Amino acid sequence: MVISLLGSSGVKCQVADFSLVVEPTAKKRGNIMLSTTTDFFLDPLSSEDNLISGPGEYEVEGVRIKGINLPHEANKDNGKAAYSVRFDDIRLGFLPSLSHNLEDTELDMLGEIDILLFDVERSTLDGKEIASLIKKIEPRMVVAVSDKGAKKLLEELGQKAKSEDKLTLKAKDLDKEESGIQVVWLKE
């Protein structure tokens, strides 16, 4: 799997010719697309077949996806969802920008996560709250989806990393014994 950033908050996960895009743009599309924000006033019939936006359980071409409703993040116009995705035998977790910590039930629904991708920069949680949330989720690896977010996360977790263009790995790479949570900094 190859993971790369698409602009300010988009992420692309690709295996061969098949791609999963989170926060797609008009020019950056994928076989499966996830949006962490649901517009309550958008006509659901006008959305694309391969766009998942909101809570529920889905399976598309062998990729299992669970959207977790985050009611504390909703406002009158839209809602937010976190996602747990099993893709290429790797358990991915996608969190939107957060203004509240996740409840225990939301964490339970998210389940075990190998790689957590998180919009740290746009989150209004402070550094200690973000670090605490990540430690509760216990991923093997965290990818902040912006440069400023990566710097903030590395500082809070007391780590150093250089920025990379993309992350290339296989499920077996995650089986290696590593101490602590690894932070990966991808270039925008």
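Tutor: Contact means that heavy atoms lie within 4.5 Å. The structure discussed here is a predicted model.

Student: Which residues does Asp114 touch, not counting residues up to four places away in sequence?

Tutor: Asp114 is found in the loop between α1 (104-110) and β11 (115-118). With residues up to four places away in sequence left out, the residues that Asp114 touches are Asp89, Ile90, Arg91, Pro139, Arg140, Met141 and Leu174.

Student: Is Asp114 buried or exposed?

Tutor: The relative accessibility of Asp114 is 6%. Buried means under 20% relative accessible area. Asp114 therefore counts as buried.

Student: With which side chain does the side chain of Asp114 make a polar contact?

Tutor: Arg91 is among the residues that Asp114 touches. The polar contact, at 2.7 Å, joins the side chain of Asp114 to the side chain of Arg91.

Student: What is the order of the strands in the open sheet?

Tutor: Strands of a sheet pair through backbone hydrogen bonds, either parallel or antiparallel. In this open sheet of 6 strands the pairing is mixed. The order is β6-β4-β3-β2-β1-β13.

Student: Which strands stand at the edges of the sheet?

Tutor: A strand at the edge has a single partner strand, so one side of it is left without a neighbour in the sheet. The strands in this position are β6 (51-52) and β13 (167-168).

Student: Which residues are in contact with Thr168, leaving aside its neighbours within four places in sequence?

Tutor: Thr168 has its place in strand β13, and at 53% relative accessibility it counts as exposed. The C-alpha atom of Thr168 is separated by 16 Å from that of Val145, 23 residues apart along the chain. Leaving aside neighbours within four places in sequence, the residues in contact with Thr168 are Met1 and Val2.

Student: In β3, which residue is the bridge partner of Val11?

Tutor: Strand β1 (residues 2-6) pairs with β2 in the antiparallel sense over 5 bridges, and there Leu5 stands opposite Val11. Strand β2 (residues 10-15) is also joined to β3 by 5 bridges, and these two run antiparallel. One bridge between β2 and β3 sets Lys12 against Val21. In β3, the bridge partner of Val11 is Val22.

Student: Which residue in the turn between β2 and β3 has a positive phi?

Tutor: The strands β2 and β3 form a hairpin with 2 residues between them. The positive phi, of about 55°, belongs to Ala16.

Student: Which residue takes a positive phi in the hairpin of β7 and β8?

Tutor: Strand β7 (residues 56-60) pairs with strand β8 (residues 63-69) in the antiparallel sense over 5 bridges. Among the bridge partners are Gly56 and Gly67, the latter in β8. This hairpin has 2 residues between the strands, and the positive phi, near 50°, is that of Glu61.

Student: How many aromatic pairs does the structure hold, and which residues form a pair?

Tutor: The structure holds 1 aromatic pair. It is tilted, with 6.0 Å centre to centre and 50° between the planes. The pair links distant parts of the chain, 69 residues apart, one in strand β3 (residues 18-22) and one in strand β9 (residues 78-87). Both residues are buried, and they are Phe18 and Phe87.

Student: At what distance does the side chain of Glu73 reach the backbone nitrogen of His100?

Tutor: Glu73 lies in the loop between β8 and β9 and is buried, with a relative accessible area of 8%. Leaving aside neighbours within four places in sequence, Glu73 is in contact with Lys80, Ser97, Leu98, Ser99 and His100. A polar atom of the side chain of Glu73 lies 2.9 Å from the backbone nitrogen of Ser99. For the backbone nitrogen of His100, the distance is 2.8 Å.

Student: Which residues line the largest cavity?

Tutor: The count comes to 1 cavity of 30 Å³ or more. About 30 Å³ of space lies in the largest cavity. The lining residues are Leu70, His72, Glu73, His100, Asn101, Leu102 and Glu106.

How values were computed: Residues are numbered from 1 along each chain as its sequence is written. This is a predicted model: local features need pLDDT of at least 70, side-chain atom pairs count only at pLDDT 80 or more; totals for chains, interfaces and linings use all residues. Side-chain values use heavy atoms; hydrogens and water are left out. Rings of Phe, Tyr and Trp (its six-membered ring) pair if their centres lie within 6.5 Å; planes under 30 degrees apart count as stacked, over 60 as edge-to-face and the rest as tilted. Helices (H or I, at least four residues) and strands (E, at least two) are DSSP runs, numbered from the N terminus. Buried means under 20% relative accessible area, exposed over 50%, partly exposed in between (1.4 Å probe, protein chains only). Two strands pair if DSSP finds at least two bridges between them. A polar contact is a pair of N or O atoms within 3.5 Å; within protein, one must be able to donate a hydrogen and the other to accept it, and residues adjacent in sequence count only if both atoms are side-chain atoms. On a 1 Å grid over the protein atoms alone, a cavity is a set of points where a 1.4 Å probe fits but cannot get out, and a pocket is an open set with protein on both sides within 12 Å along at least five of seven lines; lining residues have an atom within 4 Å of a point. Grid points are joined across faces, edges and corners, and a volume is the space filled by probe spheres set on the points.
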